[in-house]
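Me: I am new to this structure. Please take a close look at a single part of it for me, and explain the terms as you go.

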Amino acid sequence: MNHAADLPIWATLLIALFLLIGAGLTLVGSFGLYHLRSFYDRIHAPTLGTSWGTAGIAIASVIYFSVVESQLVLHQLLIGVFVMATTPVTLILLSRAALYRDRTENNRDVPPLHPLRNLPQASELEQDSMATHKNAGEEQK
Amino acid sequence: MSATILFWAVTTAQIALGIAMVLALARMISGPRAQDRVLGLDTLYNNSMLLMLVFGIRTGNSLYFEISLIIGALGFVATVALAKFLMRGEVIE
């Protein structure tokens, strides 16, 4: 709070707005991570914090340091770009690992790898159509 | 006036991020399976990174920016390595 008294009022209001947006969205995302029921619900919640949570706090930091040093400081946007580029990679890897673990344990809550192979109607229909084809071929002979 | 507004905004943001870190820590401790714990750790890394950025606004020191960049990079590598471990059973094949 060294240079805070020198700040103009519009910069202060913008910094406060972006800080509260970012911190509030991060809090909502972490509450969703704690509160939701299954893992596949939970993996969506922290992305609130990594998208607009990070962007809001990075933009507030950019405005603060640009006004205090009276030149354009864009270092903090680097963090935002980095987080937005790496979060989908990590979460896709993590959800694929979780899906693999659930499938190897034959968990009923996740869809199977080959959905049509386990349905009795589909296989019976296929056998019926093959049988009719075979019958038709024999009749032609 | 502007110092008061900024002080209360920064304090509220720090409290919110602290509660968010406690919630992520609770999920990391009580998560029923390993992937829940990894997800809680990833969220904890991200929240601590944001808290370091807010500390940088509070003190006016740009050193906190580098701390939060290092935390973000380490969190990415840690989560990728743990997800690979959950998938394969080993990190480097």
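Reply: Let us start with the second largest pocket, where α2(A) gives the most to the lining, with 3 residues. This is a predicted model, in which local features need pLDDT of at least 70 and side-chain atom pairs count only at pLDDT 80 or more, while totals for chains, interfaces and linings use all residues; side-chain values use heavy atoms, with hydrogens and water left out. Residues are numbered from 1 along each chain as its sequence is written, chains are lettered from A and ligands numbered from 1 in the order in which they are written.

A few terms will help. On a 1 Å grid over the protein atoms alone, a pocket is an open set of points with protein on both sides within 12 Å along at least five of seven lines, a cavity is a set of points where a 1.4 Å probe fits but cannot get out, and lining residues have an atom within 4 Å of a point. Helices are DSSP runs (H or I, at least four residues), as are strands (E, at least two), numbered from the N terminus.

The second largest pocket has a volume of about 180 Å³, where a volume is the space filled by probe spheres set on grid points joined across faces, edges and corners. From chain A, its lining takes R37(A), S38(A), F39(A), Y40(A), R42(A), D102(A), N107(A) and D109(A). Chain B brings P32(B), R33(B), Q35(B) and D36(B). At least two lining residues each come from α2 (39-42) of chain A and from α2 of chain B. By class, the lining has 3 nonpolar, 3 polar and 6 charged residues; Ala, Val, Leu, Ile, Met, Phe, Trp, Tyr, Cys and Pro count as nonpolar, Asp, Glu, Lys and Arg as charged, and the others, Gly among them, as polar.

From this pocket, α2(B) leads us on. Its 26 residues should span 38 Å at 1.5 Å a residue, and the end C-alpha atoms are 38 Å apart, which agrees; the expected span is 1.5 Å times one less than the number of residues. After α2(B) comes G60(B), with a positive phi near 70°. In UniProt, an unreviewed entry has "transmembrane region" at residues 6-26, 38-57 and 63-87 of chain B; such annotations may be inferred rather than shown by experiment, feature names are shortened, and positions are given in the numbering used here. Residues 38-57 of chain B are 100% helix and 0% strand, with end C-alpha atoms 29 Å apart.

The same helix also reaches the cavities: α2(B) supplies 4 residues, the largest share, to the lining of the second largest cavity. About 70 Å³ of space lies in that cavity. P46(A), T47(A), G49(A), T50(A), T87(A) and L91(A) line it from chain A, with D42(B), T43(B), N46(B) and N47(B) from chain B. The elements giving two or more residues here are α3 (47-68) and α4 of chain A together with α2 of chain B. Its lining has 2 nonpolar, 7 polar and 1 charged residues.

The helix α3(A) deserves a moment too. It bends by about 35° at G53(A), the bend being the angle between axes fitted to the seven residues ending there and the seven starting there. Its 22 residues should span 32 Å at 1.5 Å a residue, and the end C-alpha atoms are 31 Å apart, which agrees. S70(A) follows α3(A) and has a positive phi, near 45°.

The largest cavity holds about 160 Å³ of space. It is lined by 14 residues, and T86(A), D42(B), N46(B), G72(B) and F76(B) are the closest to its centre. Two or more lining residues come from α4 (75-104) of chain A and from α2 (34-59) and α3 (63-88) of chain B. The largest share, 5 residues, comes from α4(A).

Finally, a word on confidence: chain A averages a pLDDT (the predictor's confidence in each residue, from 0 to 100) of 81, and 77% of the residues score at least 70.
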